[in-house]
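Hi,

Here's the structure I said I'd pass along. Have a look, and my notes on charges and salt bridges follow underneath.

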Amino acid sequence: MSMTKEHIKMAFATMSQSRTRSFMTMLGIIISVAAVITIVGLGHGLRNQVSGQIGKLGSNLILVQPGQTATSSVDLTSLQSLASQRGTLTEQDYTSITKLPGIKQISPVATISGLPRFENKTMERASIVGSNDKLPDIIGKEIEYGSFFGPNDTNKNHAVIGRGVASELFGENVPIGKSFSIRNSEFIVTGVFTQSPVTPLSPSINFNNAIVIPYNKAKEIGGASLQFIQILVVAESAETSQALANNIQNTIKANHGGQQDFSVLQQEEALAISDGVFSQLTMFITGAAIIALIVGGIGVMNIMFASVSERTREIGIRKAVGATNKQIINQFMTEAIIITFSGGILGILLASVTILTIRVTTSLQPAFVLPIMALALAVTTAIGLASGILPALKAAKKDPIESLR
Amino acid sequence: MAIIEISNASRIFGFGDAATIALDDVAINIEKGEFLAIMGPSGSGKTTLMNTIGLLDRPTHGTYKLEGRDVAKMRVNRRAKMRRDNIGFVFQSFNLLPRVSIIENVSLPLLYKGMGQTKRLKRAAAVLEQVGLSEREYFYPHQLSGGELQRAAIARALVNNPSIIIADEPTGNLDSESTRVVMELLGEVHKMGNTILMVTHNPILTRYASRIIYMRDGSIVYDEASAVGELPGRVERALQAVRSSREEERLAGVSDYIRAIPQNKTPARKSQRIKKQTTRTRKKRS
């Protein structure tokens with residue numbers, strides 16, 4: 001034990017004697033560890049954000065989406081297929097779902113194309129969404145100022161806007177009562193949504209840049225550009241949810257002439273999809289990082305070989321005063337492990353700083369994933385072991401007579 | 001009982017035609033408390049014998065018993081432990097770790113024995129005091145003079161209470177004053193009952209030894225006991241032979257007449273002048 005402590009002390013002494021070199025050796029490890037932790041953190045953060053959103057929807061919720069979304073064996077292309085197959089849901093589907101029994105609430109989410117115009121300003125990024133009065137309740141969205149349109153406002157030119165629209169189009173926080181135009185129709189702002197966290201990679205709408213108008217109005221002014229993104233259905237109870245989902249499935253399939261070009265998802269399925277996408281992303285990145293770590297490990301091995309050659313005399317002296325081969329091996333192994341382990345620690349620090357910076361400066365919420373940090377330390381230690389063994393054996397094999405000449 | 005018993009030991013480097021016999025059938029017994037000086041021309045096998053005795057090398061043939069144990073065929077790690085516990089080395093080039101303080105250098109053998117830090121440094125401090133370096137404990141090797149470095153190296157060799165101290169030309173890199181200090185120290189160490197094996201090229205230093213062996217071509221050609229403080233007879237005669245060597249030189253053609261001409265400085269100046277001239281002419285040409 002005391003020997004190990006001494007070896008650790010020696011390793012730190014050697015490292016501090018050639019600081020630049022040690023740091024450069026560690027750099028590969030530091031960067032790859034920091035990259036893995038940051039990116040896995042980002043992935044987890046995104047997943048938390050997405051599943052938080054989906055989770056908020058409640059367990060009775062059924063999502064009807066255009067396009068076929070694979071729920072098992074998800075791959076990255078499913079997001080694209082989801083995006084490219086818009087427009088397969090129609091007005092007819094919506095109305096036929098509303099007639100089904102066991103529905104507590106239903107809300108269409110349809111977009112129309114159009115450029116909102118206020119005085120001389122336009123906002124291209126804004127998405128114009130037609131929906132009904134149930135929307136905020138179903139998706140758990142809160143109104144910060146003003147109010148959402150009620151059941152009797154379905155034909156009124158009212159609009160509820162996101163914070164992004166308020167500031168970008170109107171240049172103020174609470175533009176309630178201001179009127180603006182979409183496709184030559186005038187709308188009055190009646191409410192502003194609370195700021196919602198942006199969730200990249202999520203197929204749902206970013207409500208910060210959304211202008212929500214009554215569904216009937218959207219249909220009226222949007223014409224052929226009306227596209228259903230989702231139909232949100234809340235079942236009366238959790239027990240009837242599955243039956244209702246099957247019912248919806250059969251109804252729309254009948255509408256579409258037996259084509260399964262839409263998806264009926266319940267909460268767990270929606271979660272499974274986003275989880276699948278993120279776990280695959282994480283796998284890719286982890287793969288890349290493992291390669292980076294191996295390359296870093298080879299760098300450490302190189303430096304250790306150089307160090308062994310440079311310290312031939314030292315090895316000779318240590319052997320002459322009675323160091324056994326095992327003790328020499330341990331010394332150099334400890335040194336390699338200390339280098340990679342310190343690299344791991346510094347990598348974690350760098351990742352933490354990066355994650356904090358991302359959290360503070362952007363709307364992304366990368367998470368501190370403790371298991372991956374622990375794993376990173378374990379892996380760097382293993383890399384230290386692997387890259388130290390050959391140089392250490394070389395050191396132990398040195399002939400003390402040759403070394404001291 | 002002899003502390004070192006070597007019989008019929010040979011050490012051969014290389015194979016076939018390229019084989020070099022560094023030790024040729026050497027047999028020697030060394031008793032505890034002896035101060036053995038080993039002399040001989042370079043290439044005579046002195047260092048190989050020291051390395052063999054010091055367990056850094058092993059004989060190709062023959063037996064070597066250290067404190068009654070056959071160590072010639074012992075495994076590497078066992079030999080390392082034997083070396084750590086029984087042998088202290090003093091090298092011509094000191095061989096202290098450059099980036100480690102003197103006290104830590106001295107305590108190094110104890111470290112490999114597994115002794116705790118406090119105990120180790122305490123023991124090292126005691127030995128450093130013995131060699132008169134207590135005020136240099138936390139200096140680094142580059143801050144010490146040659147004589148001090150060699151005293152530190154002797155302290156390192158002593159720290160483990162080894163049964164044998166092997167010194168390979170310990171004064172080879174030292175000036176005469178430091179040589180005297182280091183040899184006095186080795187003499188004291190010997191008086192305390194330690195066994196010392198010293199290789200030297202300086203016949204005067206055999207005065208400190210209790211036994212002198214001469215080696216040539218890998219063999220011990222002469223082995224003589226002598227009282228400490230006195231030059232052994234053979235060294236005495238050898239020194240006289242050196243003094244009388246002028247006679248040989250005269251016979252070889254250098255007469256006293258030529259020797260009498262002051263020739264130390266003039267030729268050197270001449271050659272310098274010639275050099276300068278040539279460089280000057282070169283400059284002119286260019």
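**What turned up**

A patch of positive charge sits on the surface, made up of A:Lys326, B:Arg69, B:Arg78 and B:Lys81. (For a patch, residues need over 30% relative accessible area and no salt bridge, and like charges are joined within 9 Å.) B:Lys81 belongs to helix H2 of chain B, residues 76-86, and is partly exposed at 36% relative accessibility. (Buried is under 20% relative accessible area, exposed over 50%, partly exposed in between, with a 1.4 Å probe and protein chains only; helices are DSSP runs of H or I with at least four residues, strands E runs of at least two.)

Before going on: this is a predicted model, where local features need pLDDT of at least 70 and side-chain atom pairs pLDDT 80 or more, while totals for chains, interfaces and linings use all residues. Residues are numbered from 1 along each chain as its sequence is written, chains are lettered from A and ligands numbered from 1 in the order written, and side-chain values use heavy atoms, without hydrogens and water.

Over all chains there are 21 salt bridges (a side-chain nitrogen of Lys or Arg within 4 Å of a carboxyl oxygen of Asp or Glu). B:Asp85 pairs with B:Lys113 at 4.0 Å, N to O. B:Asp85 is in helix H2 and B:Lys113 in helix H4 (residues 108-113) of chain B, so this pair ties together parts 28 residues apart in sequence.

B:Arg211 bridges to B:Asp223, with the closest N and O atoms 2.7 Å apart. Here B:Arg211 is buried at 10%, whereas B:Asp223 is partly exposed at 40%.

In chain A, a salt-bridge network links A:Arg311, A:Glu314, A:Arg318 and A:Glu335.

Cheers

Terms used. Patch = residues over 30% accessible without salt bridge, like charges linked within 9 Å, V, L, I, M, F, W, Y side chains within 5 Å. Areas by Shrake-Rupley, 256 points an atom, 1.4 Å probe, with all protein chains shown as cover. Lys, Arg positive; Asp, Glu negative; His and termini not counted. Charge placed at Lys NZ, Arg CZ, Asp CG, Glu CD.
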